[in-house]
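Open the model in your viewer and keep the sequence panel beside it. This tour goes stop by stop, with a selection to make at each one.

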Amino acid sequence: MQTFIKKNLLTIIGVPIGAIAGFLYWKFVGCNSGTCAITSNPINSTLYGSVMGGLVFSMFKNNKKEKNDISGNN
């Protein structure tokens, strides 16, 4: 379990930050007419923000993979 958390720490941090940002976007910008699919409802805006926050933060994850040298000089 701890290795999962260590591997995905940035994504785990990004989800609540994105959710907060999505809620704040609904609260202060939003859509008054109700025709906007995402920003007319606080649940939709918060869920969308959490997904986007997780995706954006996961872009900065450092993948450490060893590259094998064909010549054998590792």
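How many aromatic pairs does the structure hold? The structure holds one aromatic pair. Select phenylalanine 23 and tryptophan 26: their ring centres are 5.5 Å apart and their planes meet at 40°, so the pair is tilted. The rule for pairing covers rings of Phe, Tyr and Trp (its six-membered ring) with centres within 6.5 Å; planes under 30 degrees apart count as stacked, over 60 as edge-to-face and the rest as tilted.

Before going on, note that this is a predicted model, in which local features need pLDDT of at least 70, side-chain atom pairs count only at pLDDT 80 or more, and totals for chains, interfaces and linings use all residues. Residues are numbered from 1 along each chain as its sequence is written, and side-chain values use heavy atoms, with hydrogens and water left out.

**Whole chain**

Switch to cartoon. The protein has three helices and zero strands. Along the sequence the pattern reads α-α-α. Helices (H or I, at least four residues) and strands (E, at least two) are DSSP runs, numbered from the N terminus.

Now show the surface. The accessible surface of the protein is about 6200 Å², and 64% of that belongs to carbon and sulfur atoms. Such areas come from the Shrake-Rupley method with a 1.4 Å probe; for residues, only the protein chains shown count as cover. Of the 74 residues in the protein, 16% are buried. Buried means under 20% relative accessible area, exposed over 50%, and partly exposed in between (1.4 Å probe, protein chains only).

Among contacts in the protein between residues at least 6 apart in sequence, 53% join residues at least 24 apart. A contact here is heavy atoms within 4.5 Å.

**Helix 2**

Select residues 9-28. This is helix 2, with 20 residues. From its first C-alpha to its last it reaches 29 Å, close to the 28 Å expected at 1.5 Å a residue. The expected span is 1.5 Å times one less than the number of residues.

The aromatic pair is here too: phenylalanine 23 and tryptophan 26 both lie in helix 2, three residues apart, about one turn of the helix. An α-helix has 3.6 residues a turn, so residues three or four places apart point the same way. Phenylalanine 23 is partly exposed at 36% relative accessible area. Tryptophan 26 is partly exposed as well, at 26%.

Next, colour Gly14, Gly18, Ala19 and Gly22, which are buried in helix 2. What do the buried residues of helix 2 pack against? They pack against helix 3 (42-58).

Zoom in on glycine 22. Its relative accessible area is 7%, so glycine 22 is buried. Leaving aside neighbours within four places in sequence, glycine 22 is in contact with Ser45, Thr46 and Gly49. Draw a distance from its C-alpha to that of leucine 47: the two are 25 residues apart along the chain and 7.4 Å apart in space.

Move to leucine 24, also found in helix 2. Leucine 24 is partly exposed, at 40%. Its C-alpha is separated from that of proline 42 by 9.0 Å, with their positions 18 residues apart along the chain.

**Helix 3**

Select residues 42-58, which make up helix 3. The 17 residues of helix 3 should span 24 Å at 1.5 Å a residue, and its end C-alpha atoms are 24 Å apart, which agrees. Colour its buried residues: Ser45, Gly49, Ser50, Gly53 and Gly54. Seen down the axis of helix 3, they fall within an arc of 165°, so they line one face of the helix. The arc is that of the directions from the helix axis to the C-beta atoms. These buried residues pack against helix 2.

Pick serine 50 in helix 3. Is serine 50 buried or exposed? Serine 50 is buried, with a relative accessible area of 13%. Not counting residues up to four places away in sequence, serine 50 touches Gly14, Val15, Gly18 and Ala19.

**After helix 2**

Go to glycine 30, which follows helix 2 and has a positive phi, near 50°. Then show cysteine 31 and cysteine 36 as sticks: a disulfide joins them, with S to S at 2.3 Å. A disulfide is a pair of cysteine sulfur atoms within 2.5 Å. The structure holds one. With 65° about the S-S bond, the link is right-handed. Cysteine 31 is buried at 15% relative accessibility, while cysteine 36 is partly exposed at 29%.
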